[in-house]
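Biologist: Could you walk me through reading a few side-chain features? I would like the general idea and then the case at hand.

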Amino acid sequence: VRYNEGHALYLSMVARKEGIKRGYLSKKAAENNRWNEKYFALYQNVLFYFENEQSTRPSGIYLLEGCTCERIPAPKVSTVGKESSDKQQ
């Protein structure tokens, strides 16, 4: 699949307005292993993510061709001691 920057920007606008799913998800940063909340928008088989809901340009794009997804339960919160959110995730 070939996308140029103009096409990707156009599709990201469509995804933000008409995407099948839109909302906030946590994304793990590669450089420091911390979880950051990003705004995501799914359009067809392309998942765009943005710094926040008001961002006009996507921070990144995932092509989901041939991918499968499954929902996993949220981690259980420890009642013995309070752990940081990084350790729980």
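## Reading rings, surface and loops

Modeller: Let us start with one residue: Tyr3 has a relative accessible area of 33%, so it is partly exposed. Keep in mind that this is a predicted model. Tyr3 belongs to the segment before α1, which spans 5-18.

Biologist: Which residues form a nonpolar patch on the surface with Tyr3?

Modeller: Ile61 and Leu63 join Tyr3 there, and together the three have about 250 Å² of accessible area.

Biologist: Now the aromatic rings, please. How is a pair of aromatic rings described?

Modeller: Two values are used: the distance of the centres and the angle of the planes. Searching the whole structure gives 4 aromatic pairs. One of them is Tyr24 with Tyr39: the ring centres are 5.3 Å apart and the planes stand at 70 degrees, so this pair is edge-to-face. The cut-off behind that step is an angle over 60 degrees.

Biologist: And which parts does the pair of Tyr24 and Tyr39 tie together?

Modeller: Tyr24 is in strand β1 (residues 21-28) and Tyr39 in strand β2 (residues 35-43), so the contact ties together parts 15 residues apart in sequence.

Biologist: Is Tyr39 buried or exposed?

Modeller: Tyr39 counts as buried because its relative accessibility is 7%, and buried means under 20%. Tyr24, at 38% relative accessibility, counts as partly exposed.

Biologist: What is the geometry of Tyr39 and Phe50?

Modeller: Their ring centres are 6.3 Å apart with the planes at 50 degrees, so that pair is tilted. Since Tyr39 lies in strand β2 and Phe50 in strand β3 (residues 46-50), the pair ties together parts 11 residues apart in sequence. Tyr39 and Phe50 are both buried.

Biologist: Which residues form one aromatic cluster?

Modeller: Tyr24, Tyr39 and Phe50 make up that cluster. Phe50 has a further partner: the charged end of Arg16 sits over its ring, 4.9 Å from the centre.

Biologist: Let us finish with the backbone. Which residue in the loop between β1 and β2 should I look at?

Modeller: Look at Asn33, which is found in that loop. Asn33 is not a glycine, and yet it has a positive phi of about 60 degrees.

Biologist: What about Gln44: where is its place?

Modeller: Gln44 is in the loop between β2 and β3. Its phi is also positive, about 55 degrees, although Gln44 is not a glycine. With 58% relative accessibility, Gln44 counts as exposed.

Methods: Residues are numbered from 1 along each chain as its sequence is written. This is a predicted model: local features need pLDDT of at least 70, side-chain atom pairs count only at pLDDT 80 or more; totals for chains, interfaces and linings use all residues. Side-chain values use heavy atoms; hydrogens and water are left out. Rings of Phe, Tyr and Trp (its six-membered ring) pair if their centres lie within 6.5 Å; planes under 30 degrees apart count as stacked, over 60 as edge-to-face and the rest as tilted. Helices (H or I, at least four residues) and strands (E, at least two) are DSSP runs, numbered from the N terminus. Buried means under 20% relative accessible area, exposed over 50%, partly exposed in between (1.4 Å probe, protein chains only). A charge sits over a ring if NZ of Lys or CZ of Arg is within 6 Å of the ring centre and within 35 degrees of the ring normal. Patches are made of residues with over 30% relative accessible area and no salt bridge: like charges are joined within 9 Å, nonpolar side chains (Val, Leu, Ile, Met, Phe, Trp, Tyr) within 5 Å. Accessible areas come from the Shrake-Rupley method with a 1.4 Å probe; for residues, only the protein chains shown count as cover. A salt bridge is a side-chain nitrogen of Lys or Arg within 4 Å of a carboxyl oxygen of Asp or Glu.
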